[in-house]
Amino acid sequence: MAPQLVHFTDDALFGEVWKRPGLSLRDRSLITVASLVTSGSTEQLRHYLGRAKDNGATEAELIEAITHLAFYTG
């Protein structure tokens, strides 16, 4: 329905932003998970938790990050 949006997501976000050298994929994943948790975007969280593990974050780190965020996001 929105091919241009798919282009931006696939090419700009995953093709360019995720590949920038300033942060590791693991760090980008932790930031993304934190953003999804704090914005209440739980429908996307399952996918990005798996992606974070694929990018080197451990389950223990993800649990700790979400636990820590709980005190700041309510």
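Student: Why is Glu-61 called partly exposed?
Tutor: Buried means under 20% relative accessible area, exposed means over 50%, and partly exposed is in between (1.4 Å probe, protein chains only). Glu-61 has 29% relative accessibility, so it counts as partly exposed.

Student: Where do such values come from?
Tutor: This is a predicted model: local features need pLDDT of at least 70, side-chain atom pairs count only at pLDDT 80 or more, and totals for chains, interfaces and linings use all residues. Residues are numbered from 1 along each chain as its sequence is written, and side-chain values use heavy atoms, with hydrogens and water left out.

Student: What makes Glu-61 and Arg-26 a salt bridge?
Tutor: A salt bridge needs a side-chain nitrogen of Lys or Arg within 4 Å of a carboxyl oxygen of Asp or Glu. Here N and O are 2.8 Å apart, so the pair qualifies. The two residues come from distant parts of the chain, 35 residues apart: Glu-61 is in helix 4 (residues 59-73), Arg-26 in helix 2.

Student: What is counted as a helix here?
Tutor: A DSSP run of H or I with at least four residues; strands are E runs of at least two, and both are numbered from the N terminus.

Student: How many salt bridges does the whole structure hold?
Tutor: Three. Asp-27 pairs with Arg-26, with the closest N and O atoms 2.7 Å apart. Lys-53 pairs with Glu-59 at 3.4 Å, N to O. Shared partners join Arg-26, Asp-27 and Glu-61 into one network.

Student: Are Asp-27 and Arg-26 buried or partly exposed?
Tutor: Asp-27 has a relative accessible area of 28%, so it is partly exposed. Arg-26 has 26%, so it is partly exposed too. Lys-53, at 43%, also counts as partly exposed.

Student: What is the charge situation of Arg-28?
Tutor: Arg-28 is buried yet has no salt bridge. Lys and Arg count as positive, Asp and Glu as negative; His and the chain ends are not counted. The nearest side chain of opposite charge is Asp-27, 8.4 Å away. The cut-off is missed, so no bridge is counted.

Student: What makes the link between Arg-28 and Arg-20 a polar contact?
Tutor: A polar contact is a pair of N or O atoms within 3.5 Å; within protein, one must be able to donate a hydrogen and the other to accept it, and residues adjacent in sequence count only if both atoms are side-chain atoms. A polar side-chain atom of Arg-28 lies 3.1 Å from the backbone oxygen of Arg-20. The distance fits.

Student: How do you know that Ser-29 is in the interior or at the surface?
Tutor: Its relative accessibility is 1%, so Ser-29 counts as buried. Ser-29 belongs to helix 2. Contact means heavy atoms within 4.5 Å. Leaving out residues up to four places away in sequence, Ser-29 touches Trp-18, Arg-51, Ala-52 and Asn-55.

Student: What makes Arg-51 sit over the ring of Trp-18?
Tutor: The rule asks for NZ of Lys or CZ of Arg within 6 Å of the ring centre and within 35 degrees of the ring normal. The charged end of Arg-51 is 4.5 Å from the centre, so the distance fits.

Student: Why is Leu-62 placed in the class it has?
Tutor: At 4% relative accessibility, Leu-62 counts as buried. Leu-62 lies in helix 4.
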